[in-house]
Amino acid sequence: MEIQLNGGTIAQKVDWAREHFEKPILITDVISEDEMIDIIGVTKGHGRKGVTSRWHTKKLPRKTHKGLRKVACIGAWHPARVSIFVARAGQKGFFHRTEINKKVYRIGKGVMQDGKMGAQNNAMTSADLTEKAITPMGGFKHYGIVNQDYVMLKGCVMGPRKRVITIRKSLLLQTKRAALEKIGLKFIDTSSKFGHGRFQTAAEKAAFLGPLKKDRKDREVKPKA
């Protein structure tokens with residue numbers, strides 16, 4: 001993956017790159033909290049799709065001949081070609097996209113730091129003093145457990161889980177109140193994402209449910225014959 005270097009002369013860029021060979025660059029060295037950034041990536045691919053799924057055109061009446069998930073008229077007789085503005089079937093998704101003005105809500109320390117235990121309460125806020133990690137109960141769907149440093153953004157991010165995303169500093173001069181305001185998070189939900197999650201931590205779940213049958217079986221000692 002190639003990263004563009006901006007600022008300074010060509011000689012200064014080369015010197016800076018040589019100084020940072022094989023050295024880690026932390027996310028906090030590039031961006032900070034409450035900052036507006038741009039994200040670049042490839043969207044989620046859906047393969048070849050028809051016009052109804054690809055362009056969300058209106059379905060034709062039920063009794064339409066030869067199908068109803070179509071475009072009824074694709075243009076006039078003349079000019080004798082189909083305009084590029086007419087919805088047609090084709091590739092949906094897996095496109096390179098850039099989304100601008102994403103607010104950075106939090107840059108959290110990882111649970112593991114250099115192979116050792118790090119911040120175990122990186123999802124704690126000033127209003128929620130429960131010591132919990134950012135990973136929800138049961139892990140993130142199709143991802144797992146977050147052990148490294150993480151970045152929390154406002155809004156969505158293109159692509160499926162584990163796809164590489166390029167983060168870029170904003171190219172615009174931010175003047176709006178929403179871009180300049182300081183964010184104070186009150187609560188981060190860490191309940192299970194596999195259903196109707198009720199508990200924020202495993203300790204909270206155990207305190208509510210009490211001893212379970214499987215826990216009693218583990219403590220029981222089988223009598224000797």
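Which strand is N101 found in? The answer is β4, and the legends below return to that residue after a view of the whole chain in this predicted model.

**Figure 1. Overall view of the predicted model.**
The protein contains five helices and eight strands. Read along the sequence, their order is α-β-β-α-β-β-β-β-β-β-α-α-α. The C-alpha trace spans about 90 × 65 × 40 Å along its principal axes. The radius of gyration of the protein is 26 Å, whereas a compact globule of 225 residues would have one near 17 Å. Of the contacts between residues at least 6 apart in sequence, 70% join residues at least 24 apart.

**Figure 2. Surface and charges of the protein.**
About 17600 Å² of surface is accessible in the protein, and carbon and sulfur atoms account for 56% of that area. Buried residues amount to 21% of the 225 residues. The protein carries 45 positive and 20 negative charges, and the mean positions of the two sets lie 17 Å apart.

**Figure 3. The largest nonpolar core.**
Seven residues form this core: I31, I37, I39, V104, I107, L153 and M158. Strands β1 (36-42) and β4 (96-108) are the elements that each give two or more residues to this core. Apart from this core lies another one, of six residues, including I134, V146, Y150 and I188. In soluble globular proteins, nonpolar side chains tend to be buried together.

**Figure 4. Close-up of I107 and its contacts.**
I107 is one of the residues of the largest nonpolar core. Leaving aside neighbours within four places in sequence, I107 is in contact with I27, T28, I31, S32, E33 and Y150. One of these partners, I31, belongs to the largest core as well, while Y150 is among the residues of the other core.

**Figure 5. N101 in strand β4.**
The phi angle of N101 is near 60°, which is a positive value in a residue other than glycine. N101 counts as partly exposed because its relative accessibility is 30%, between the limits of 20% and 50%. Strand β4, where N101 is found, covers residues 96-108 and gives two or more residues to the largest core.

**Figure 6. The cis peptide bond before P79.**
The peptide bond from H78 to P79 is cis, and its omega is near 0°. P79 has its place in the loop between α2 (51-55) and β3 (90-92).

**Figure 7. H142 and L129 in the loop between β6 and β7.**
H142 is found in the loop between β6 (116-117) and β7 (150-153). Although H142 is not a glycine, its phi is positive, at about 60°. H142 counts as exposed because its relative accessibility is 64%, over the 50% limit. L129 also has its place in the loop between β6 and β7. A relative accessible area of 63% makes L129 exposed. From C-alpha to C-alpha, L129 and F187 are 9.4 Å apart in space, with their positions 58 residues apart in sequence.

**Figure 8. A178 in helix α3.**
Helix α3 covers residues 177-180, and A178 has its place there. Is A178 buried or exposed? A178 counts as exposed, because its relative accessibility of 52% is over the 50% limit. The C-alpha atoms of A178 and K103 are separated by 8.8 Å, and the two residues are 75 residues apart along the chain.

**Figure 9. G195 in the loop between α3 and α4.**
The loop between α3 and α4 holds G195. With a relative accessibility of 46%, G195 counts as partly exposed. G195 and K217 are 22 residues apart along the chain, and 27 Å separates their C-alpha atoms.

**Figure 10. Helix α4 and the glycine just after it.**
How many of the eight residues of helix α4 are buried? The count is zero, and the helix, which covers residues 202-209, is hardly covered. Just after α4 comes G210, whose phi is positive, at about 75°.

Terms used
Residues numbered from 1 in each chain as written. Predicted model: local features only at pLDDT ≥ 70, side-chain atom pairs only at ≥ 80, totals over all residues. Heavy atoms only, no water. Helix = DSSP H or I, 4+ residues; strand = E, 2+ residues; numbered from the N terminus. Rg over C-alpha atoms; globule rule 2.2 N^0.38 Å. Buried < 20%, exposed > 50% of the residue type's maximum accessible area, 1.4 Å probe, protein only. Contact = heavy atoms within 4.5 Å. Areas by Shrake-Rupley, 256 points an atom, 1.4 Å probe, with all protein chains shown as cover. Lys, Arg positive; Asp, Glu negative; His and termini not counted. Charge placed at Lys NZ, Arg CZ, Asp CG, Glu CD. Core = buried A, V, L, I, M, F, W, Y, C linked by side-chain atoms within 4.5 Å.
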